[in-house]
Amino acid sequence: MKKFLLASLLSASVVSFALAEKIVVAATPIPHAEILEQIKPDLKAQGYDLEVKVFNDYVTPNLATDSGDVDAGFFQHVPYMEEFNANKGTKLKATVGVHLEPMGIYSHKIKNLKDLKNGAKVAVPNDPTNESRALDLLVAAGLIEVDQNAKLRTPLDVTKNPKNLEILELEGAALPRTLGDVDIAVINSNFAFNANLNPIKDSLFLEKAEGNPYTNVISVKEGNENSPKIKALDKAIQSEKVKKFIETQYKGAIIPSF
């Protein structure tokens, strides 16, 4: 009888293990991978094993999502995704919004933007959407003016530059490493966190959340947005548990969007 019960339990365990479906999500390390780690038990309870694949750029995970190597991506906002689709021919679609990462201006050389000298070097991301966003932040900080009719603004759209700032276009992930060489850099919060920079404490100027279109989303290949496992992922990541984790862990430097 004992042998029969043991065999039955082992058989049930094997069946349960076999039925567990894997969800593979591409993410950048902080905060995306950290947030995803919080929902592993919740998805496990629904019969899904969540595997988080960590990347340090935006291009590779989008290509992996489009090719089907991963089920979803969690690292980008909709304007970036739409620009990527247009340039790369991918067919990615957003499902749910999770959080906003305010972009900030950082420096290792000055403590206040008023101290920025004439001809100072300013590093901004070189991808179209984040570059445009960075230039808007420099406008909000009172450093430049741009042509507001330009959809995706570049340094060519700067109409007033009273301090004759030299704007350098660099890869977003590399911007924290340039702080020793430039006067200021406009950096996305996830890359700032990776470099132990806290947006609230360390930025000289921080993007406002109100009316901000740059909420980070779950993205999938078009046609997969209604699959059961993506629906499960979306529900888990928009839970009250995740909202509390974001608020507690990041203390206002990252803001829930649901």
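Aromatic pairs around Tyr-58

Modeller: The structure, a predicted model, holds six aromatic pairs.

Colleague: Why is the pair of Tyr-58 and Phe-75 called stacked?

Modeller: The ring centres of Tyr-58 and Phe-75 are 5.8 Å apart and the planes stand at 20°. Centres within 6.5 Å make a pair, and planes under 30 degrees apart count as stacked. Both conditions are met, so the pair is stacked.

Colleague: What makes this pair a tie between parts of the chain?

Modeller: Tyr-58 lies in the loop between strand 2 (48–54) and helix 4 (59–67), while Phe-75 belongs to strand 3 (residues 72–77). The parts tied together are therefore 17 residues apart in sequence.

Colleague: How do you know whether Tyr-58 is buried or exposed?

Modeller: Its relative accessibility is 10%. Buried means under 20%, so Tyr-58 counts as buried. Phe-75, at 2%, counts as buried by that cut-off too.

Colleague: How do you know the class of the pair formed by Tyr-58 and Phe-191?

Modeller: The distance is 5.2 Å centre to centre, with 25° between the planes. Set against the limit of under 30 degrees, the pair is stacked. It links distant parts of the chain, with Phe-191 in helix 7 (residues 189–194), 133 residues from Tyr-58.

Colleague: Why is Phe-191 called buried?

Modeller: Phe-191 has a relative accessible area of 5%, and the cut-off is under 20%, so Phe-191 is buried.

Colleague: Which residues do ring pairs link into a cluster?

Modeller: Tyr-58, Phe-75, Tyr-80, Phe-84 and Phe-191.

Conventions:
Residues numbered from 1 in each chain as written. Predicted model: local features only at pLDDT ≥ 70, side-chain atom pairs only at ≥ 80, totals over all residues. Heavy atoms only, no water. Phe/Tyr/Trp six-rings, centres within 6.5 Å; stacked < 30°, edge-to-face > 60°. Helix = DSSP H or I, 4+ residues; strand = E, 2+ residues; numbered from the N terminus. Buried < 20%, exposed > 50% of the residue type's maximum accessible area, 1.4 Å probe, protein only.
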